[in-house]
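Here are a few notes to help you find your way around. Have the view open while you read, and take the points in order.

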Amino acid sequence: MKKSIQFQLSFMMFLEFFIWGGWFVTLGIYLPNTLKATGGEIAMAYSTQSWGAIIAPFIIGLIADRFFNAEKILGVLHIIGAVLMYLMYQATEFSVFYPYVLGYMIAYMPTLALVNSVSFNQMSDPAKQFPKIRVWGTVGWILVGFLFISLIFNWDSAENIANGALKNTFLMTAIVSAILGIFSFTLPSTPPSVNKNEKVTISDILGLDALKLLKDRNFLVFFLSSVLICVPLAFYYQHAGQFLGEIGASLSLSNLEIGPAGLMTLGQISEVGFMLLLPFFFKKYGFKKTILFGMLAWGIRYTLFAYGNNGDLFFMLITGIALHGICYDFFFVSGQIYTDAKAGEKVKSAAQGLITLATYGVGMLVGFWIAGKIVDQNLIADSSHSWQDIWIFPAVFAIAVMIIFALLFKNEKVEYKA
């Protein structure tokens with residue numbers, strides 16, 4: 001791959017995840033503090049990610065794969081996203097904000113697959129070349145939260161949260177989305193992969209051909225566990241930022257004050273580190289122990305959140321955030337490896353699509369709804385104890401899923417090709 005193309009793809013990934021991390025992490029702080037949203041309304045806003053994930057295969061399967069170049073669709077979707085993000089910036093009521101965020105996520109979620117398609121189309125050795133490109137996405141997510149939102153602009157400080165400064169994250173994201181939209185038209189050509197006259201079915205688009213894998217007991221147990229573990233995952237995505245903001249969590253380094261957005265980037269930093277450890281752990285302990293360790297990390301994380309929300313035990317919150325790398329990599333990345341190994345060449349893509357639809361689509365949708373209900377039932381203004389009650393639920397839930405998986409999943413050798 002030419003260095004110029006590698007730079008283009010890396011910059012594309014950087015902006016793609018800069019955009020997502022630029023508003024999604026602090027949404028849970030912004031909505032209740034600025035738009036006075038309830039837990040149920042926060043759940044509605046975060047559930048738009050799931051609706052986007054459910055609709056995305058239709059956009060990719062019916063349009064991107066058949067009629068237009070991927071880089072052109074990527075550009076159009078990000079320009080549409082820029083307009084919708086600007087409208088979110090202007091919204092002053094949740095009822096006005098919600099249709100815009102729903103439209104935005106329907107436009108944005110397909111771009112996650114499109115940036116991969118554009119990248120893979122230029123690679124001769126994806127296993128070696130893709131990680132070097134994709135890591136810039138993680139760098140973008142980390143920098144926007146830590147450097148821009150927390151350090152440079154300080155939008156996530158207690159004073160600025162109260163003043164509604166977090167709305168500026170939408171304006172920033174709208175500008176960057178417009179930049180990526182325009183830049184996308186300069187990316188290497190990625191023509192449609194399917195003949196537009198070729199018949200396509202709903203089964204093809206949704207990856208339903210992979211349903212036959214559910215006849216395998218182990219894969220069925222893994223599949224259901226993947227859906228269930230999205231319930232505690234939804235609590236983190238939806239309410240961790242709100243929790244840190246409401247208890248005034250911050251970290252002082254010399255003259256720098258790191259707020260909730262900056263603190264949560266520790267999760268992405270740990271994700272990079274544990275990704276490097278995953279091959280060793282996977283080969284030494286196998287798939288079942290690796291995925292059980294990931295589930296256990298979810299339970300430990302929420303227990304730390306429940307009992308670490310006072311000044312003397314602040315290190316528990318930091319540890320809980322840093323566990324994100326284990327939670328995500330050891331479960332979801334291991335799951336992708338397992339799915340790839342079980343599916344075989346014929347339904348490999350369909351199987352990955354089915355898992356994505358089940359987790360980020362159905363599983364997260366249910367998880368966001370449950371999280372919103374529990375927050376509305378337990379959260380009392382200015383009461384840290386109410387947050388303790390909230391975090392106990394996902395902790396117990398994650399441990400229960402871990403026990404069920406441990407009892408029902410039989411040991412199975414899965415080959416890992418790093």
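1. In this predicted model, helix α4 passes helix α8 in a left-handed crossing. The axes of the two helices come within 7 Å and cross at roughly 160°. An angle over 145° counts as roughly antiparallel, so α4 and α8 are roughly antiparallel.

2. What does α4 bring to α8? On the α4 side the contact includes Glu71, Leu74, Gly75, His78 and Ala82. Their partners in α8 include Asn168, Phe170, Leu171, Ala174 and Gly181. Sorted by class, the α4 and α8 contact has 12 nonpolar, 8 polar and 1 charged residues.

3. Now turn to the other neighbour of interest, α5, which covers residues 94–120. The axes of α4 (residues 70–90) and α5 come within 9 Å and cross at roughly 155°. These two helices are therefore roughly antiparallel as well, and their crossing is left-handed.

4. Which residues join α4 to α5? Among them are Ile73, Leu77, Ile80, Leu84 and Leu87 in α4, and Phe97, Tyr100, Tyr104, Ala107 and Leu114 in α5. The contact of α4 with α5 has 19 nonpolar, 4 polar and 1 charged residues. A general point may help when you look along a helix here: an α-helix has 3.6 residues a turn, so residues three or four places apart point the same way.

5. Helix α8 (residues 168–184) also meets α1 (residues 3–21), with axes that come within 9 Å and cross at roughly 150°. That angle makes α1 and α8 roughly antiparallel, and the crossing is left-handed. Phe11, Met12 and Leu15 are among the α1 residues in the contact, and Met172, Val176 and Ile179 are among those of α8. By class, the α1 and α8 contact divides into 10 nonpolar, 3 polar and 1 charged.

6. Please look at the course of α5 too. It has a kink of about 30°, centred on leucine 112. At 1.5 Å a residue, its 27 residues should span 39 Å, and the end C-alpha atoms are 39 Å apart, which agrees.

7. Finally, how far does α11 (residues 260–307) span between its end C-alpha atoms? The value is only 18 Å, whereas a straight helix of 48 residues would span 70 Å. Look for a kink of about 120° in α11, centred on glycine 286.

Terms used:
Residues numbered from 1 in each chain as written. Predicted model: local features only at pLDDT ≥ 70, side-chain atom pairs only at ≥ 80, totals over all residues. Heavy atoms only, no water. Axes fitted to C-alpha atoms, helices over the stretch in contact; angles between N-to-C directions. Helix = DSSP H or I, 4+ residues; strand = E, 2+ residues; numbered from the N terminus. Parallel < 35°, antiparallel > 145°, perpendicular 65-115°, else oblique. Left-handed = near helix turned anticlockwise from the far one by under 90°. Contact = heavy atoms within 4.5 Å. Nonpolar A, V, L, I, M, F, W, Y, C, P; charged D, E, K, R; others polar. Expected span 1.5 Å × (residues − 1). Bend = angle between axes of the 7 residues up to and from the residue.
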